Structures are given as C-alpha cells and as structure tokens.
Amino acid sequence: MTNVNRTQFQAFPYHLVDPSPWPLLTSFAVFIMAVGAVMYFHGFANGGSLLSLGFLLTASGMILWFRDVVAEGTYLGSHTKEVQTGLTIGVALFIVSEIFAFLSIFWAFFHSSLAPAIEIGASWPPFGIEALDPFAIPLLNTILLLSSGAFITYGHHALIQGNRSGAILGTLLTIIFAILFTGLQYFEYLEAGFTIADSVYGSVFFCSTGLHGAHVIVGTLFILVGFIRMINYHLTDSHHQGFEAAILYWHFVDVVWLFLFIAVYYWSGN
C-alpha cells in the first residue's frame, strides 16, 4: 500500500508537494548574492566573485525548482483548477509586494522633487544636472514596451482560440521588443551625463529605472520560458497557468514604466 501513488486515493483536489531541496538552496544562494553585492559595492576584496557565485547559485536553484513545477503541471497532472487558482492568487500577491517596492522609490522621488532642499540648490533637477530628453530614447522605449504588451495580449488570445502560429508570433515579438528595450536602456545609461552618486536625483533615477530594468529582464525570461514551452506543446488553450502569470507580470512592468516615464523623465525634464 505504501508503494502505491497516493494520488490514486486522494479525496481532495489540492497538490501535496513532495519534499524539495530547492527552496533551501535558493534561500542560501540569495543570501550569498546579497552579501556579495554589499561587499562589491563597498570595494571589499572578492566581493565581485562572491556576487557572481551567488547569482549563479540563485539562477541554478530557480531553474531546478521551476523545472519540478513544470513537470508537476505538465506531466503529472498535479495542477488542478483549485491549484491553479492558488497559484494565481500567489502571483497576484507577489505583484502587490512589487508594487510597494516601487512605491517606496516613488515616495523618495516625490519627497525630494516636490520640495527640493537647499542642499541641492532648491531646484529639481538639482543645479548642475541636466535631465535626459524624454522624447528621445525614453519615448522610443515607451512605444516598444506598450507594443510588447499588446503583442503578448494578442499571443494570449491566440493561444486560447487555438491559433498556435498567432500565439508563437505574438510571444516572439514581445521577446524581441523586450530585448530592444533593455539594449536601449543600457545605451541610455552610458550616455547619461550623471551617475547614481550625483545627488539625490541620480540616486532615485538609477534606482527607479534600474529596478524596472531588472523587472524587464526577469519578465523577458519569464515569457521566454513560456515561449519555449509553447514550442514544445506544453501549453493548451485551457492549461497555461505559467504563461498567464508571465503576462500578468509583464502588464505590471508596462504600467510601472508609464509612471516612470511621466514622473521621472517627462516631469523632471520640463
């Protein structure tokens, strides 16, 4: 009796997760990455090496962990409707936590910009700092990001309607536009006339746009995984929970960028 799969006798629709080492590995890896980042920023020896090690361990733990989740949902049939509902709620709560992370940065931005202190020249941007032109790269990036949101929505609806080619095309264009966005953001950083150490303006600019850029990279990888699974026939018109989570995350990234463009680029530059 003990060797028989317990799901054959399971009287409830919920998934009892098997013991896994990946959450513990990932927690230690994130800790190592955080310590390495602090050491690197403060110029300690081997800080960069520890940061790289922590990043590689974190990425490995996430890949192995998500591999098991994909296997549970795709091959083992563990993701019932109730389980999918729970996963959706989990993703929604995760995005809420991300909203508050950006809220703290916007709070710092408006606290400093609405009433500039005398230490920064009582002006915004501070005296000596030239804001970036909002109608150059930022406007182009806005078009790219909003277009990517439209394409991923098209791909989602195409998948629901059984249009495999349309789903693949919409998702692929989203990934391409996301990569272009990241490349242009990097180019903008190289051409900026100020750094993160240049007054509170430089700090809030690079913290806000940099945090958003990190979310774009994560969202791109999120969608890329969905794209690969789509190519491999993992997703169906009624079972694509991971892909929907990636789309929800991507729309969050789009909305945050609109606030960044209006406040950090347009309002600060005029």
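Biologist: How much accessible surface does the chain have, and what share belongs to carbon and sulfur atoms?

Modeller: Accessible areas come from the Shrake-Rupley method with a 1.4 Å probe, and for residues only the protein chains shown count as cover. Here the surface is about 15500 Å², with 73% belonging to carbon and sulfur atoms. Keep in mind that this is a predicted model: local features need pLDDT of at least 70, side-chain atom pairs count only at pLDDT 80 or more, and totals for chains, interfaces and linings use all residues. Residues are numbered from 1 along each chain as its sequence is written, and side-chain values use heavy atoms, leaving out hydrogens and water.

Biologist: Okay, how many helices and strands are there?

Modeller: Helices (H or I, at least four residues) and strands (E, at least two) are DSSP runs, numbered from the N terminus. This chain has 7 helices and 0 strands.

Biologist: What span should α1 have?

Modeller: The expected span is 1.5 Å times one less than the number of residues. For the 20 residues of α1 (residues 22-41) that gives 28 Å, and the end C-alpha atoms are indeed 28 Å apart.

Biologist: And which residues of α1 are buried?

Modeller: Buried means under 20% relative accessible area, exposed over 50%, partly exposed in between (1.4 Å probe, protein chains only). In α1, W22, T26, A29, G36 and A37 are buried. They fall within an arc of 105° seen down the axis, so they line one face; the arc uses directions from the helix axis to the C-beta atoms. On the other side, L24, F28 and F31 are exposed.
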